[in-house]
Every structure is written in C-alpha cells, then in structure tokens.
Amino acid sequence: MSKVISFATQKGGSGKSTLALVLAAPLAIEYGLKIAILDCDYQQSIVKTRQQLDEPSLAILRESDPAADYPYDVFPMSLKSIFDFIDNPENDYDLIIIDIPGRADGEDVFNALTGCDAVIVPLVSDYLDRASTAEFMGILEALKKAADKAEVDFQYFGLATKRISGRREEKEMDDYIDELGLSRFQSYLSHRMVYSRASTLHSLLTPAYRNYAGGTKDSSEEIRRVCDELIEKLDLPRRKADVGVELEETTDTTPTEIK
Ligand SMILES: Nc1ncnc2c1ncn2[C@@H]1O[C@H](COP(=O)(O)OP(=O)(O)OP(=O)(O)O)[C@@H](O)[C@H]1O
Ligand SMILES: [Mg+2]
C-alpha cells in the first residue's frame, strides 16, 4: 500500500507546492523511492513546472540519452478523484504526495485530508499566521481523534518553512506550537531562493543541479534532514543505503542542458 501525504494549510502562499517540489525529486533520485504527485490545485503549479520548465530540458537530455526520463510521476487531478487513484492497486507507489489548493476549506479538501497517512502543515512564522495555523491544526487534531476511533492511521505535523535564521518570530512559532502540544518536524527549510527553483526533473540534492540553481551544502543538508525525518516518521523504505556518501562522491552529473 502506498503512503499518502499532503502539504496543507488554510494560508495561501505558505510554501505547500514548493515543499512538494523540493522533496519529491530527492526522494525519488537520491533515496530511490517510487513517487507520484497528484496536483489537485486549480493553479496547477506542479503540472506547469513540469510542462513549461522541465519538458524542454528533458527533450534536450533525450538527444544524448534516449532513455532519460522524469524521476517521478505527476498527475493533474480533481480532489474528488484522488480516492480512485489511491485505491487502485496498479498505482503501487512508495509515496503519493497530494498538492492541495491554496484555500484549504470546504468539504472536498476535508475529505482529501482524511485519505492521507500524514498531513504536513507548513509553518510560516509571522505573527498573524499563528492563530490560523493553530486553528487548522486543531481541525487536524479532530480528524486524528476520528481516525484513532476508527483504528485508521493518521498523523499530522507542522514543518517550518521560509525560515529566516535568528529571527525572533521563528523561536516564538516553535514555542507556540509546542505549548499547544502539536507535533512538528525538528528539521525545516530556510527562506532560500534555491527552493523556488526546484525542478520535477532534477534534484536539488544532486550537486550539479544544486549549484546551477544557486544552492549550497547548507541547502542540501536541510533537504536531506527533512527527507530523513519524513522517511522515519512515515516508516518509508530506504532503497539507497547512504545518501550522504553518494552525494559527496558524485562527480560529473551535470545535466547536458546546463553544461
Ligand atoms: N523555503 C522557501 N524559500 C524561499 N521562497 C519560498 C520558499 N517556499 C516557498 N517560497 C516561495 O513562496 C511563494 C509561495 O510558495 P508556494 O507556491 O509553494 O505556496 P503554496 O502554499 O503552494 O501557495 P498556494 O496557496 O497559492 O497554493 C513562491 O513564490 C515560492 O517560490
Ligand atoms: Mg500551491
């Protein structure tokens, strides 16, 4: 059975689609997991990233390597159709990531969340966001109680993103979530330009693409920590033994189109 997660909150622009994009390619390429993203947002950010940015790059790659392909699948989908997809045994993925629309209210969104093994709430540490984030996590807590009663696995977590180190609000947000007794990832993503350059074809953990996108060892370290924590929390398989060693030993993996 595939594990299903979604990044969701009722705050628009908090980094849901970016988190899906930043994590999916490394989990597929460096960690060897079989991944699908179901893009259920009417904005179709992930589908458009693939069609507009990555399709031309893949076409160039295929000129020298006809077998080159995307590392994971992306499907445009309505929220109503996700259960048909998840329940179909042919869709045998390690991890299915659902990208939920910006406004996380309404029955369809609520139903979609019930189909997830875990919901991850991006935490952006602005004072005004705190109460609504806590409110949304309260809804997830109610879902968890219902799931526990029905003996269905369901977890939810906060995950700090767009974090600016040393900012007072970051620690206040962590304390606020902890005081409410809500679970959160210890790992996080900082506010970095490189994360807005995530691709559906290349991984930001692959040094050549990371450098091209303006990343550093620090950004790789952050991504790796979030991937490791996600794998641990969801009990996902580890299909590649030592991501760290492989990363540092990788030599020339520069995709042809960026050489
Ligand atoms: N960690 C980050 N560092 C820097 N910029 C980021 C980060 N995460 C997201 N962004 C930027 O913030 C903006 C909103 O991100 P994104 O589209 O992922 O949010 P969203 O929650 O999916 O939005 P929506 O609610 O509209 O679906 C984008 O311009 C994105 O590039
Ligand atoms: Mg989005």
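What follows is a friendly conversation between a biologist and a modeller about a predicted model.

Biologist: Let's start with the sheet. What is the order of its 6 strands?

Modeller: The strands of this open sheet come in the order 3-2-4-1-5-6, and their pairing is parallel.

Biologist: What makes strand 3 and strand 6 edge strands?

Modeller: Strand 3 and strand 6 each pair on one side only. From one strand to the next, the twist averages 20°.

Biologist: How do you know that strand 1 and strand 4 pair?

Modeller: Two strands pair if there are at least two bridges between them. Strand 1 (residues 3-7) is joined to strand 4 (residues 95-99) by 5 bridges, so the two count as paired, and they run parallel. In this pairing, Ile5 stands opposite Ile97.

Biologist: And which strand pairs with strand 1 over 3 bridges?

Modeller: That is strand 5 (residues 118-123), again in the parallel sense. Here Phe7 stands opposite Ile120.

Biologist: Why is strand 1 called mostly covered?

Modeller: A residue is buried if 20 or more other C-beta atoms lie within 10 Å of its own C-beta. In strand 1, 5 of its 5 residues are buried. Lys3, Ile5 and Phe7 are buried on one side, and Val4 and Ser6 on the other, which leaves both faces covered.

Biologist: Why is Val152 called partly exposed?

Modeller: Exposed residues have 12 or fewer neighbours, and buried ones have 20 or more. Val152 has 13 C-beta neighbours inside 10 Å, so it counts as partly exposed. You will find Val152 in the loop between helix 5 (127-149) and strand 6 (155-160). Val152 and Thr114 are 38 residues apart in sequence, and their C-alpha atoms are 9.6 Å apart in space.

Biologist: Now the helices. What makes helix 1 oblique to helix 2?

Modeller: Their axes come within 10 Å and cross at roughly 50°. Angles under 35 degrees would be roughly parallel, and 65 to 115 roughly perpendicular. An angle of roughly 50° falls in neither range and is not over 145, so helix 1 is oblique to helix 2. Where they meet, Ser17, Ala20 and Leu21 in helix 1 face Ser45, Ile46 and Thr49 in helix 2.

Biologist: Why are helix 1 and helix 8 called roughly perpendicular?

Modeller: Helix 1 and helix 8 (residues 217-234) pack at an angle of about 75°. That value lies between 65 and 115, so the two are roughly perpendicular to each other. Their axes are 10 Å apart. Val22, Leu23, Pro26 and Leu27 in helix 1 meet Ile223, Val226, Cys227 and Leu230 in helix 8.

Biologist: What joins strand 2 to strand 3?

Modeller: Strand 2 (residues 35-39) and strand 3 (residues 73-76) run parallel and are joined by 4 bridges. Between them the chain crosses through helix 2 (residues 45-64), and this β-α-β crossover is right-handed.

Biologist: Finally, which residues have the most contacts inside the largest nonpolar core?

Modeller: Ala24, Ile98 and Val121 do, in a core of 61 residues. Helix 1 (residues 16-29) supplies the largest share of this core, 10 residues. In soluble globular proteins, nonpolar side chains tend to be buried together.

Biologist: Which residues does Val121 contact beyond its neighbours within four places in sequence?

Modeller: Among them are Ala8, Phe136, Met137, Tyr156 and Leu159.

Terms used
Residues are numbered from 1 along each chain as its sequence is written. Chains are lettered from A and ligands numbered from 1 in the order in which they are written. This is a predicted model: local features need pLDDT of at least 70, side-chain atom pairs count only at pLDDT 80 or more; totals for chains, interfaces and linings use all residues. A nonpolar core is a set of buried Ala, Val, Leu, Ile, Met, Phe, Trp, Tyr and Cys residues joined through C-beta atoms within 7 Å. Two residues are in contact if their C-beta atoms, placed from the backbone, lie within 7 Å. A crossover is right-handed if, with the strands pointing away from the viewer, the path from the first strand over the helix to the second runs clockwise. Axes are lines fitted to C-alpha atoms, for helices over the stretch in contact, and angles run from 0 to 180 degrees between N-to-C directions.
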